[in-house]
Amino acid sequence: MADQFLFADEAADSEPKETYPPFHILVVDDDEEIHVITKMALSDFKLDKRPLEFHSAYSAKEAKEILSTRNDFAMMLLDVVMESDHAGLDVARWTREELKNKLIRIVLRTGQPGQAPEEEVIAKYDIDDYKEKTELTYRKLMTLMYSSLRAFRDLQAIEHYKSGLERIIKASAEIFSAQSVNQLSQGILEQLVALLTRTQTAAYCKLNPEGYTASADNDEPLQIIAATGEYKQRVGELLKNNDAQRIVNELRQRKETVSYEIHNNTYYGLYKTSQSQYYLLFIKGIGELSDTDKHLLSLFMNNTAIAFEHAILLNHSR
């Protein structure tokens, strides 16, 4: 009996756990204790199941170097007084005006409020909040994180909408070319993912680009033809995902033109064209779907697949 329980525990531990991309937080302060306390207080914080990942800078110069190397910071907790009385203010201005980073949420923290009066700082600098270190209790810090990260999340979604809309407008000039259809599907996919999920990671694939085979027993290659997030640089490559291959084989047994399954918070939608070609829509970070969500996803798969098929036929006829 003891052995049976032992093996049961091992099996449970071996189950893969769904991971979510973290929010990157930059803590800028010349006091090491502030870094330690901040990380300890927020160690269990999550928003949309996404944890926090902290990065540390101990001077304005170091903060600028870090901000110059990556643009995915969601929030910066920024000390005002460091190597100078206005070092933090300089970093805030530099981030907005020279780095042109409008998404990162900037919260100024000061231990010397008289050095930079709150009313003057709020009016003059494009920051999101201004706090005295003595007033930032655990409860207020948690409230600050929720409000700031939600603002970042929503602004990021708007940027994805804009990016997708730009692609759609560019594609509309030559709607019947294969390149234009690819651009169009890319733009629509970016908007769709920004609307339905918080992770912006998706891939739209065509099964067996070298030719369709009738057997559903064999794994057929899934070629990425549009993508966002971590797959964006892999358009044209093959999607390597064991779950996707298995689920596609299962979905192909169904009679519906559009069928889907959600596995580990990932959406797998399969569309079958009238010529028995298959297209897969793969989106990470999706939970419950409303009827409107399902309709949007089905509409995307249907219209995009038809556009691709028409573009291919047009090219072959030339």
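Trainee: How many bridges join strand β6 to β7?
Mentor: This is a predicted model, in which local features need pLDDT of at least 70 and side-chain atom pairs count only at pLDDT 80 or more, while totals for chains, interfaces and linings use all residues. Residues are numbered from 1 along each chain as its sequence is written, and side-chain values use heavy atoms, leaving out hydrogens and water. Strand β6 covers residues 202-207 and runs antiparallel to β7 (strands are DSSP runs of E, at least two residues, and helices of H or I, at least four, numbered from the N terminus). The number of bridges joining β6 to β7 is 6.

Trainee: Which residue in β7 stands opposite A203?
Mentor: Strand β7 covers residues 222-228, and β6 covers residues 202-207. When you place A203 in β6 and look across to β7, the residue standing opposite is A227.

Trainee: Which are the edge strands of the open sheet?
Mentor: The sheet has 5 strands with antiparallel pairing, in the order β7-β6-β10-β9-β8 (two strands pair if DSSP finds at least two bridges between them). An edge strand pairs on one side only, and in this sheet the edge strands are β7 (222-228) and β8 (258-263).

Trainee: Which parts does the aromatic pair of F23 and F152 tie together?
Mentor: F23 and F152 are edge-to-face, with 6.4 Å from centre to centre and 80° between the planes (rings of Phe, Tyr and Trp, using its six-membered ring, pair if their centres lie within 6.5 Å; planes under 30 degrees apart are stacked, over 60 edge-to-face, the rest tilted). Because F23 and F152 lie in separate elements, the pair ties together parts that are 129 residues apart in sequence, namely strand β1 (residues 23-28) and helix α6 (residues 138-171).

Trainee: Is F23 buried or exposed, and what is its relative accessible area?
Mentor: Its partner F152 is buried, with a relative accessible area of 4% (buried means under 20%, exposed over 50%, partly exposed in between, with a 1.4 Å probe and protein chains only). F23 is buried too, and its relative accessible area is 1%.

Trainee: How wide is the arc covered by the buried residues of helix α3?
Mentor: In α3 (residues 60-69), the buried residues are A60, A63, I66 and L67. Their arc, taken from the directions from the helix axis to the C-beta atoms, puts them on the same side of α3. On the other side of α3, K61 and T69 are exposed. The arc covered by the buried residues is only 125°.
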